[in-house]
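Visitor: I should like a close look at one helix of this protein. Please describe its two sides and its surroundings.

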Amino acid sequence: MTVPNIIEINGVSRHFGPVRALDGVDMQIREGEFFSLLGPSGCGKTTLLRLIAGFDDPTAGEVLIAGEAMTGVPANLRPTNMVFQNYAIFPHLNVGRNVAYGLRKLRLAPDELKSRVSSALEMVDLTGLEDRGAEELSGGQRQRVALARALIMRPKVLLLDEPLSALDKKLREQMQIELRRLQRSVGITFILVTHDQHEALTMSDRIAVMFEGKVDQIASPNELYERPASRAVAGFIGGMNFIDAAVKKKTANQITAEAAGLGTVVVASEDNVSDDASEIVLGIRPERLSISTGKKAGKNRVVGTISDAAFFGEVTHYYVDLPGRQEPLAVSVSNSAEHETLPAGAKVTIGFDPKSLVPLD
Ligand code: ATP
């Protein structure tokens, strides 16, 4: 069964004078998914979120929510609600009044108001804190109040603009898991803006990776990591070695290429490699390479010299010089109890599976 789209972004651009904050963006977001907008600072994530919320209008193109064009529809009449980075909760109101704030115009009966506030607080694990002053809350609790205040409005889509960035690392990681659980239990669409790849990978069903106002790829975390569609995406998400390669033969399914430092390799062809490309770049993740002591060159195995090693507890990162390649190859190894860090200068054999080599544009 195909899940219907709750949001459709059709050819949306937003220009601020000469700045193309968004440039011809197309995107469909499905009902009930946890969707993230990921990219470096200034790529246009917040601009897109604000257009969905109705805080700003596109220069060109159209935003549809639940099948309806939103052009001219003000923010307060859209089925969306936003949670901001700085929480924006009122310091002079207690938790209950902060959470109930958006409902005041609905003039609900006191009992109903009370029950909606307490169920919103329950969702974010703040049961019973109605009377607590906003000033008496920790950073994590403030963020939960901000979430409860948005959820109490029962939006179809919750928009989250870097909601966890003010929290310290440990609390942020804990809140990532909670936010994900919350999204699953309420079942509404969450759209998260983040520049933190780990955050996006941990929480999302799908991620749109953006650079300079454009979308490079929309895919699941796994697909983005395993099959990045561009060099920019590959470099932004996780570590990646880039290897220059000269194409020797290309068929519909396979490319045979001479890869700098790795020798002749046969890799699966991808749509992003043009038919007449003579030079390509291959990507391989550091953890997809193996390292062993000694010199045993052969098929899919090359010999090199460790130039540097960095021990990180659960993993060790090695940098290995290979003849025919200028930059050292990064190799990461999960550490077991017996593992001893190999020293710089050691001769090693690097092994790889050609299936892990991804042709990139
Ligand atoms: P960050 O992670 O730093 O928040 P972002 O990806 O959310 O970045 P945006 O805030 O969407 O980026 O900004 C995209 C581009 O548009 C930037 O170059 C920014 O300077 C520019 N921009 C955004 N809002 C305005 C504005 N109101 N007036 C002029 N330029 C703007």
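Guide: The following account concerns helix α5.

This is a predicted model, in which local features need pLDDT of at least 70, side-chain atom pairs count only at pLDDT 80 or more, and totals for chains, interfaces and linings use all residues. Residues are numbered from 1 along each chain as its sequence is written, and side-chain values use heavy atoms, with hydrogens and water left out.

Helix α5 spans residues 169-186; helices here are DSSP runs of H or I with at least four residues, strands are runs of E with at least two, and both are numbered from the N terminus. The 18 residues of α5 reach 26 Å from the first C-alpha to the last, close to the 26 Å expected at 1.5 Å a residue, where the expected span is 1.5 Å times one less than the number of residues.

The buried residues of α5 are M175, Q176, L179, R180, L182 and Q183. Buried denotes under 20% relative accessible area, exposed over 50%, and partly exposed in between, with a 1.4 Å probe and protein chains only. Viewed down the axis of α5, these buried residues fall within an arc of 160°, so they line one face of the helix; the arc is taken from the directions from the helix axis to the C-beta atoms. On the other side of α5, K170, R181, R184 and S185 are exposed.

The cover over the buried residues of α5 includes the strands β3 (34-38) and β8 (189-194), together with the helices α3 (110-123), α4 (139-151) and α6 (197-203). After α5 comes G187, with a positive phi near 75°.

Methods. Contact = heavy atoms within 4.5 Å.
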